[in-house]
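Please open the model in your viewer and keep the selection tool at hand. The tour goes from charged side chains to cysteines, one selection at a time.

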Amino acid sequence: AAAEGETTGDQKPTEFLGYGTLTSDAKLLEVVTAEKDTFLVFDRTPFYGEMGGQTGDTGTVELGGTTLAVTDCVKDKAGRHLHKVDGAALAALSPRPGTAARLAVDPERRRAINRHHSAAHLIHWALRKVLGTHVRQAGTSKTADRMRFDFSHFEAMTPAQVQEVEALVNGKVIDNARVDTYETEFDKKPEGTLAFFGEKYGKVVRVVDIGGFSRELCGGTHVATAGEIGLVKVVAES
């Protein structure tokens with residue numbers, strides 16, 4: 001995050017409400033400036049802060065009778081969600097800490113991001129089925145426009161393997177499996193749940209379970225059923 005250096009030890013993580021709602025009331029805690037960017041920090045937010053390859057949410061914030069566009073949301077080292085706004089527009093308001101606000105995430109964009117994030121889990125499952133269980137996510141990007149999934153394998157995939165992965169994934173999309181998310185202790189996660197090497201996990205972790213066949217530890221946002229994804233098209237492999 002641009003404002004990573006702007007934290008002190010007594011700052012608390014922002015309460016994230018975005019798994020269950022896309023709008024919420026909140027209280028302004030601080031205005032953070034970093035180089036040319038201006039960010040707002042609230043006590044709670046439905047905005048997802050960029051993490052785990054999932055892009056940050058955009059939307060609006062109503063503050064002092066004025067609506068400002070939120071063009072990005074990132075997290076700082078303290079776990080605070082930093083909502084990026086236009087500095088000049090904010091300066092005209094000069095809001096004080098404690099000011100009441102109304103936050104709203106762009107719902108269409110978030111739904112598109114959810115589709116790509118759930119599709120990434122299905123791609124991961126299918127790659128492990130087609131290529132072998134040595135396949136592990138090595139990096140990923142989920143935005144409103146596309147999904148990229150990075151993994152290690154001994155050789156390039158054949159066109160037939162790419163086709164097989166795509167067919168497996170779309171078969172599961174048509175089956176419209178339910179997507180369940182829940183929190184559990186790391187040591188009590190169901191057998192076969194994928195965790196990622198190099199990630200730091202706390203005692204309590206969040207499991208994303210798609211139809212019982214794909215289970216991963218994941219803090220991102222997802223569709224409610226696989227059918228929401230619509231269609232997964234693999235456009236390139238390299």
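**Charged pairs and cysteines**

Begin by selecting Glu30, which is partly exposed with a relative accessible area of 29%, where buried means under 20% relative accessible area, exposed means over 50%, and partly exposed lies in between, as computed with a 1.4 Å probe on protein chains only. Before going further, note that this is a predicted model, in which local features need pLDDT of at least 70 and side-chain atom pairs count only at pLDDT 80 or more, while totals for chains, interfaces and linings use all residues. Residues are numbered from 1 along each chain as its sequence is written, and side-chain values use heavy atoms, with hydrogens and water left out.

Keep Glu30 selected and add Arg80: their side chains meet in a salt bridge, with an N to O distance of 2.8 Å, the term standing for a side-chain nitrogen of Lys or Arg within 4 Å of a carboxyl oxygen of Asp or Glu. This pair links distant parts of the chain, 50 residues apart, since Glu30 is in strand E2 (residues 23-34) and Arg80 is in the loop between strand E7 (72-75) and strand E8 (81-85); strands (E, at least two residues) are DSSP runs, numbered from the N terminus. Arg80 counts as buried, at 3% relative accessibility.

Which residue should be added to complete the network of salt bridges with Glu30 and Arg80? Select Asp76, whose side chain meets that of Arg80 in a salt bridge, again given as 2.8 Å from N to O, and which counts as buried at 6% relative accessibility. With this addition, Glu30, Asp76 and Arg80 are on screen as a linked network.

Next, move to Asp180 and Arg178, which form a salt bridge with their closest N and O atoms 3.0 Å apart. Here Asp180 counts as partly exposed, at 28% relative accessibility, and Arg178 counts as exposed, at 55%. The structure holds 11 salt bridges, including the ones visited here.

For the last stop, select Cys73, which is buried with a relative accessible area of 0%, and then Cys218, which counts as buried at 12% relative accessibility. Why is Cys73 not bonded to the closest cysteine sulfur, in Cys218? The two sulfurs are 16 Å apart, too far for a bond, whereas a disulfide is a pair of cysteine sulfur atoms within 2.5 Å. Cys218 is likewise in no disulfide, the nearest cysteine sulfur being that of Cys73, and a search of the whole structure finds 0 disulfides.

Methods:
Helices (H or I, at least four residues) and strands (E, at least two) are DSSP runs, numbered from the N terminus.
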